[in-house]
Amino acid sequence: MRTVELADRRVAAIGQGTWYMGEDPARKAAEVAALQQGIELGMSLIDTAEMYAEGGAEEVVGAAMAGRRDQVFLVSKVYPHNASQRGVPQACERSLRRLGTDCIDLYLLHWRGQYPLEETVEAFERLREQGKIRRWGVSNFDLNDMIELDNAACAANQVLYNPPQRGIEFDLLPWSQAQQMPIMAYCPLAQAGQLLQHPLLAEIAERHNATPAQVSLAWVTRHAGVIAIPKAVDPRHVQLNAAAGELSLSAADLQAIDQAFAPPTRKQHLAMV
Ligand code: NDP
């Protein structure tokens, strides 16, 4: 499995997302089992947020980590409307309680909101001093936001990235690589929509005895410093996602993908879901 240096640790380049987990109690056991299967297969980074199922996803993650916290690199996110001096520590306490842990490895601002960045960063730094978070970062920050943030303590930026949505390659990605700032790529499977039916991905997959989803994950993580966080509950998906960490695409594969999904030739606004 390819690895990436993130927040002073080395983590597998393919982790696990949790959006839409924790919404239905009848599915909780399957979600917990999927995350545990993923941890066993080496996808140690788990990405969650207070937003997902309004805390429900963090509870699923807490159950999945019970007895194996030390095997997990835990990422959670604070809502922008909680990103104030008073709101951040309160939101973090609630997250820690739901997650059943005393420390979050990486705590992100989910997207920019009404509070000044300095105020949120100060609150993050205080949590860090208290040992409640190990490092902090941001999400959905475009290049201008990163330049405005101008803070070397920021450990990562989590943004949308997949073959049809590759606007970050124009400016944000090269800038981040130059700063050695890891990018966490969300929706790396484009939420299992049309992309996974694309004939080119199917053709490349066949050549590698792989699946279109694995091709997408290998493509997203082909850059140094990029971590993909696919969400999967189906155990076959979990297994395939972990195995995608071994798949390397050829120069010809990459060129064919460039023809089907053109790389950006000018600045594009940061895409978000
Ligand atoms: P993904 O691109 O990860 O797609 C998830 C879908 O893909 C699910 O339907 C899943 O099905 C399916 N799937 C997973 N693996 C495979 C496979 N090998 N083959 C075929 N289908 C597969 O979308 P997400 O929106 O979930 O994004 C990933 C994660 O990124 C989120 O879960 C969340 O943690 C994070 N995120 C962050 C955002 C932010 O603003 N910071 C915004 C959006 C996402 P099944 O579950 O049935 O296995």
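## Helix α9, the cores and the ligand

In this predicted model, the buried residues of helix α9 (buried being under 20% relative accessible area with a 1.4 Å probe, protein chains only) pack against α1 (28-40) and α8, where helices are DSSP runs of H or I with at least four residues, numbered from the N terminus. Those buried residues of α9, which spans residues 235-243, are Val238, Asn241 and Ala242. Seen down the axis of α9, they fall within an arc of 95 degrees, taken from the directions from the axis to the C-beta atoms, so they line one face of the helix.

Local features need pLDDT of at least 70 and side-chain atom pairs pLDDT 80 or more, while totals for chains, interfaces and linings use all residues. Residues are numbered from 1 along each chain, and side-chain values use heavy atoms, without hydrogens and water.

The largest nonpolar core (buried Ala, Val, Leu, Ile, Met, Phe, Trp, Tyr and Cys residues joined through side-chain atoms within 4.5 Å) has 72 residues, and Tyr107 and Leu149 have the most contacts inside it. Helix α8 (residues 212-220) gives the largest share of this core, six residues. A second, separate core of 18 residues includes Leu6, Ala13, Cys187 and Ile227.

Asn241 of α9 appears again at the ligand, where 29 residues lie around it (a heavy atom within 4 Å) and Asp47, Gln191, Lys231, His237 and Asn241 come nearest. An oxygen atom of the ligand is 2.8 Å from an N or O atom in the side chain of Gln191, and an oxygen atom of the ligand is 3.1 Å from a polar backbone atom of Asp234.

Terms used
Buried means under 20% relative accessible area, exposed over 50%, partly exposed in between (1.4 Å probe, protein chains only). Helices (H or I, at least four residues) and strands (E, at least two) are DSSP runs, numbered from the N terminus. Contact means heavy atoms within 4.5 Å. A polar contact is a pair of N or O atoms within 3.5 Å; within protein, one must be able to donate a hydrogen and the other to accept it, and residues adjacent in sequence count only if both atoms are side-chain atoms.
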